[in-house]
Amino acid sequence: MLVIALAGAAALAIVAATDERTLAFNPGARVVAPMVAVAPGEEVCQRGLEAAARFDVVALRLGTGTTPGPPLAASVRATGSGRVLARGTVAAGARDNREVSARLAPPVAEGSAIDVCFRDAGARDVAFYGSPTYESPGHSFVGSRPGGGDIRIVFRRSRPRSALSLVPDMFERASLFRPAPVGAWTFWALLAAVAAGIPLLLAGALRRATRT
Amino acid sequence: MVPDEAEHFAYVQSLAENGKRPPRGPPDAPLFSTEERTAGALARTGGVLADTAYKPAWEPSAERAWRAAGARGLAPGDIAASGSQTEHTPLYYASEAVPYAAASGGDLFGRLFLMRLWSGLLMLVTTAGAWLLIGELTGKDRVLQLAGAACVGLQPMATFISAGVNPDALLYAAYAIALWIGVRLVRRPPSAGAVAGLIGATVVAILAKPAGLALVPATAFVLALVARDRLRGSRRAALAGAAAGAGLLVAGVAVNRGVSGRAPVDLQPATLRGFGTYLWDFYLPRLPFQHRYPALSIDNPGWTVWVKHAWGSFGLLEVQFPGGVYVVLAAVALGFLVAAGTALAKGRFRPGRATLAVFGLTAACLVAGIHWVDFQAVNGGGGRVIQGRYLLPLMPIVGVAVAAALSNLTRRREAGAAVVLGGMAVLQLFSLAVVAGRYFA
């Protein structure tokens with residue numbers, strides 16, 4: 001029985017080591033509807049975000065109707081000072097409600113307070129998919145004018161990480177919104193209990209049952 | 001987060017803070033208390049259910065925002081509306097009000113954590129009930145008992161549901177206890193305590209969820225056998241029968257209000273024909289002349305519901321294993337069922353006809369009831385409401401089937417049990433990994 005459990009744990013480790021993930025974090029908005037529209041030359045910024053992990057790609061969905069979307073100039077700025085931390089471009093030709101992305105340079109460090117901005121560098125209007133926010137009217141701004149909600153931006157890494165290497169991060173994330181003293185340690189303990197404790201208990205129970 | 005947990009939490013909050021069931025809430029107004037809505041918005045749990053690529057809040061600033069919001073409990077004038085869950089009877093929610101109150105010094109997540117632990121303890125009751133049931137049928141063969149009970153205690157979907165705030169956890173426990181006592185009553189000399197226990201467990205099941213009503217025919221069957229065979233003509237038999245009838249009647253009346261609206265009993269020939277077509281379409285390819293139910297044509301409902309959803313579809317059913325895993329699980333389950341049938345046919349496992357009748361009645365009534373409710377929704381032009389987890393109250397019977405299958409092994413029974421135990425432990429590990437990967441990676 002322990003051999004099966006051990007083989008299972010090894011198989012899981014292999015699966016997790018080959019399961020590559022590019023998501024760095026997402027800040028909350030969902031794909032509900034186009035929330036903000038900008039005209040050529042205008043810029044929309046999603047303000048007051050926290051870089052929960054290092055990233056160098058931003059992905060979003062554009063409302064373009066039946067025509068290909070315009071190019072967008074993307075920039076990540078430090079909240080408050082407005083200092084540009086990274087730049088990138090969303091290529092022209094985006095289709096409506098399909099994910100497009102901009103590779104940023106340089107990568108943005110974890111922990112920064114950031115605003116993410118997109119300037120319409122084409123000749124057509126474009127809208128940004130997102131969702132209404134709990135804190136209405138949200139954190140999107142066209143210039144100084146509040147947008148209709150939050151833009152759905154997904155922050156990614158250009159270099160994927162395996163799910164196995166993300167386990168410590170996953171446990172940190174899972175420990176949020178839990179009562180003290182629950183923390184990442186709790187999930188490490190649970191992992192040990194499920195991967196080793198349960199098989200050992202079952203093996204002990206089987207041994208005793210066989211004797212009985 | 002398990003299905004409808006926010007609604008179930010709202011019910012408990014209303015009971016614990018106001019001492020009464022929550023209102024349904026107007027259709028155009030938000031559900032839940034201000035505290036619960038704030039928590040859901042900042043932890044981003046609602047979006048997780050609606051968008052498969054979405055994640056809950058990962059960043060510590062979201063937790064800090066929650067603390068800064070300072071929402072606590074049910075403020076004066078605030079309403080914890082819980083939608084359609086308000087039709088449920090309050091037994092499970094009243095039990096959850098205890099951990100809610102015990103953690104009332106903490107914030108919502110502290111209360112929710114303790115409430116989930118309480119549901120988790122109910123899973124232990126379910127497993128213990130299955131262990132006792134299988135022990136009743138396997139005598140002193142602890143190996144079979146352990147293997148069968150482990151299949152219940154480590155069933156991925158059942159452990160997932162019982163780890164959240166959901167009355168299904170109490171339903172599973174009540175079914176396991178009722179099945180154990182019912183089988184004990186048809187195999188041993190009865191006692192007043194056992195009869196009371198069976199009635200009590202049945203009433204608890206009914207008051208936990210309307211699906212508990214499916215236990216009533218089996219319970220009535222057991223009580224009838226007890227009255228006929230053991231207490232014939234005695235005053236105690238009459239008293240036992242009257243007590244059973246009264247208890248079940250009270251429970252039935254209590255839940256009727258909640259059930260009748262969703263699944264009216266209509267035995268008109270046209271309705272029954274429609275039900276027959278629905279059942280055919282659910283399990284078999286639709287014939288050209290049959291009525292088309294759109295909700296049944298989007299996939300293979302029998303496979304989706306009874307295999308994928310019953311074995312393990314987590315979150316709001318969107319967190320699943322790769323498709324091939326379900327093929328393996330279904331093949332293994334089928335193999336065990338065939339082996340159990342072989343053991344029965346060859347007399348290697350002898351539960352007795354009365355026990356088989358109890359199992360058959362329970363399973364048939366539950367499956368028929370689930371389908372009837374689903375048929376009402378589908379026939380009305382709506383989507384399916386049937387879910388694989390509704391079948392999980394029958395897990396103790398599956399545990400018995402596993403024990404029966406292993407009884408075919410006369411020499412290497414321990415090795416067979418070891419494979420079952422190891423397999424279930426590995427399945428549990430993978431299930432937790434799939435869920436963790438969905439929400440936190």
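This section describes the interface, the nonpolar cores, the salt bridges and the local backbone features of a predicted model with chains A and B.

The interface between the two chains is considered before the interior. In the predicted model, 46 residues of chain B are in contact with 41 residues of chain A. The size of an interface is often given as the accessible area lost when the parts come together. By this account, chain B and chain A bury about 3,800 Å² between them, with 75% of that area on carbon and sulfur atoms. On the side of chain B, the residues that lose the most area to chain A are B:W58, B:L429 and B:F440, which together make up 18% of what that side buries. Across the interface of chain B and chain A the rule finds zero salt bridges, whereas seven residue pairs are found in polar contact, with both partners at pLDDT 80 or more. The elements of chain B that each supply at least two residues of the side touching chain A are α2 (34-43), α3 (45-50), α4 (60-69), α6 (108-138), α7 (142-153) and α18 (413-440). Of these, α18(B) provides the largest share, 16 residues. By class, the side of chain B that touches chain A has 30 nonpolar, seven polar and nine charged residues.

With regard to the interior, nonpolar side chains in soluble globular proteins tend to be buried together. The largest nonpolar core in the model holds 99 residues, of which A:F177, B:W66, B:L133, B:L185, B:Y278 and B:F359 touch the most other members. Helix α9 of chain B, residues 168-187, contributes the largest share of this core, namely twelve residues. Apart from it lies another core, of 74 residues, which includes A:V76, A:F128, A:M170 and A:A184. When residues up to four places away in sequence are not counted, B:W66 touches A:F177 in chain A and, in chain B, B:E35, B:T38, B:A39, B:L42, B:A71, B:D107, B:L108 and B:F109.

One of these contacts of B:W66, namely B:E35, also takes part in charge pairing. Side chains of opposite charge can pair when their charged atoms come close. Over all chains, the rule gives a count of 19 salt bridges. B:E35 forms one with B:R111, in which the closest N and O atoms are 2.4 Å apart. Because B:E35 lies in helix α2 of chain B and B:R111 in helix α6 of chain B, the pair ties together parts that are 76 residues apart in sequence. Both partners count as buried, B:E35 with a relative accessible area of 1% and B:R111 at 2% relative accessibility. Helix α6 of chain B also carries B:E136, whereas B:R184 lies in helix α9 of chain B, so that this pair ties together parts that are 48 residues apart in sequence. The salt bridge between B:R184 and B:E136 has its closest N and O atoms 3.9 Å apart; B:R184 is partly exposed, with a relative accessible area of 30%, while B:E136 is buried, with a relative accessible area of 10%.

In chain A, the side chains of A:D56 and A:R103 meet in a salt bridge of 3.8 Å, N to O. A:D56 lies in strand β4 (residues 55-63) and A:R103 in strand β7 of chain A, so the pair ties together parts that are 47 residues apart in sequence. Here A:D56 counts as buried at 10% relative accessibility, but A:R103 is exposed, with a relative accessible area of 55%. In addition, A:E99, A:R152 and A:R156 are linked in a network of salt bridges.

Polar pairing in chain A is further illustrated by A:S75, which is placed in strand β5 (residues 72-78) and counts as buried at 4% relative accessibility. The side chain of A:S75 makes a polar contact of 3.3 Å with the side chain of A:R77. Leaving aside neighbours within four places in sequence, A:S75 is in contact with A:E43, A:A86, A:R87, A:D115, A:V116 and A:C117.

Some backbone features remain to be described. Most residues other than glycine have a negative phi, and most peptide bonds are trans. In chain A, the peptide bond from A:A105 to A:P106 is cis, with omega near -5°, and A:P106 is placed in strand β7 (residues 99-108). A cis peptide bond also joins A:A180 and A:P181, with omega about 10°; A:P181 is found in the loop between α2 (167-174) and α3 (184-211) of chain A. In chain B, B:L317 has a positive phi of about 70° although it is not a glycine, and lies in the loop between β1 (313-314) and β2 (319-320).

Definitions and conventions. Residues numbered from 1 in each chain as written. Chains lettered and ligands numbered in written order. Heavy atoms only, no water. Contact = heavy atoms within 4.5 Å. Buried area = accessible area lost by both parts, 1.4 Å probe. Salt bridge = Lys/Arg side-chain N within 4 Å of Asp/Glu carboxyl O. Polar contact = N/O pair within 3.5 Å; in protein donor to acceptor, adjacent residues only side chain to side chain. Helix = DSSP H or I, 4+ residues; strand = E, 2+ residues; numbered from the N terminus. Nonpolar A, V, L, I, M, F, W, Y, C, P; charged D, E, K, R; others polar. Buried < 20%, exposed > 50% of the residue type's maximum accessible area, 1.4 Å probe, protein only. Core = buried A, V, L, I, M, F, W, Y, C linked by side-chain atoms within 4.5 Å.
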